[in-house]
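Please look through the structure shown here, taking its nonpolar cores, one of its sheets and a few unusual backbone positions in turn.

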Amino acid sequence: MLMLLAACCFLESRGVAENEGRGETVQSGKEVIGYGILKRLPGLWSGPVSSTTPAGSFDSWYVDFRPVSAGQVSQYSTLDADTVNYISFFIVKHGGALKVAMRTEGVFQNKGCVTYEVVDEVREEDGFYKFSDFQSGRDRAYTEFTFDDDGLLMEVYTNKFNRVRPLQLHSRWRAKLGDRAAAAESISRLGFPKPAAVKDFSDVFKGMSESIFFTFENDPYSSKSQPYVGTVTVNIDIDPKLKTSSSDELFLLLTTRSLFDGIRYKSENLKYISRYVFLPANTRTYTFKNIHPGKYFLYSYSDRDNDKKHRRGDYMSSNIQHSFDLKAKGSVTVDTKIDYVIP
């Protein structure tokens, strides 16, 4: 049934000022290098990923980019209970100027790294933005974004831990915009985008050769400190009348609109996917972290043949219009019961 994967006032002197009462460095949008990408990113995106890493390639990656502050837009993805990927773009003060920075966090079994890159090339008219390492620049890694109408191409290049020159392609994501409506409320509420510094990175990487952290203790902007987002805890029950196995895989899915019109499944509404996670069969509770506030529909499945396709013979919750609302920085607990055999 489903196949999914896994930055005020602009001073007349053209200088910068402190935003009264908040201590933020502010200036006009055109003075923030890379500012345009903040306007282009909000929305639900999906598309195939090709990768030269051991993780391999996969058919589609669904992400939900929404503002989390006036100068930051983020997406928080989960694949399974052990694997997460977070990407944020936010305005920083660096080198005496305001620039857009990129934070990428990849974690597997509580191990991973956090990479920071700063915009170093912009062609707004072409929808092109390049980010590179704060310290070593393009010698270590860089990421290119190209926007075209409702499309997005993200290409990541690395030196594979100083083993290759020139840098080689790490991954490529060709995404299509599915919807911007889900991001509209946070855009309005936060006054996004506002050309104000979220972080002062003037001296954060001083003494480092690269802007990458392999432990989380010294991370200057940890995922736990991200603003505006909340948590959703899902309690899972499976009807005892259904035959289950320890090899079955559970799947939780959050969408911003229903996948059903009455009882008719609408595959075209997969473009409204926000978050999802694959879980072991014995999982009975799971907490989604860093969830954007808003309305969601919850779907739960048990994959009997582990093909990550939820279709005939697999199980799902019969409550196909199960919805809930999450407030900013809120916490919600919802129950789901898998009780229906997909015909």
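In this predicted model, the largest nonpolar core has 45 residues, and those with the most contacts inside it are I37, L38, W45, F89, F131, F145 and W173. Strand β4, which covers residues 58-69, supplies the largest share of this core, namely four residues. There is also a second, separate core of 21 residues, whose members include I238, L252, F288 and Y296.

Turning to the sheet, one finds three strands that form an open arrangement in the order β20-β15-β24, with mixed pairing. Its edge strands are β20 (285-291) and β24 (331-338), each of which pairs on one side only, and the twist from one strand to the next averages 20°. Strand β15, made up of residues 230-238, runs antiparallel to β20 and is joined to it by five bridges; within this pairing, N235 stands opposite T285 of β20.

The backbone deserves a separate look, since most residues other than glycine have a negative phi, and most peptide bonds are trans. A cis peptide bond, with omega of about -10°, joins F192 and P193, and P193 has its place in the loop between α2 (181-190) and β13 (199-200).

Two residues that are not glycine have a positive phi: D149, where the value is near 55°, and K308, where it is about 60°. D149 lies in the loop between β10 (137-148) and β11 (151-158), and it is exposed because its relative accessible area is 76%, above the 50% cut-off. K308 lies in the loop between β21 (294-303) and β22 (315-316), and at 27% relative accessibility K308 counts as partly exposed.

Conventions:
Residues numbered from 1 in each chain as written. Predicted model: local features only at pLDDT ≥ 70, side-chain atom pairs only at ≥ 80, totals over all residues. Heavy atoms only, no water. Pairing = 2+ DSSP bridges. Helix = DSSP H or I, 4+ residues; strand = E, 2+ residues; numbered from the N terminus. Axes fitted to C-alpha atoms, helices over the stretch in contact; angles between N-to-C directions. Core = buried A, V, L, I, M, F, W, Y, C linked by side-chain atoms within 4.5 Å. Buried < 20%, exposed > 50% of the residue type's maximum accessible area, 1.4 Å probe, protein only.
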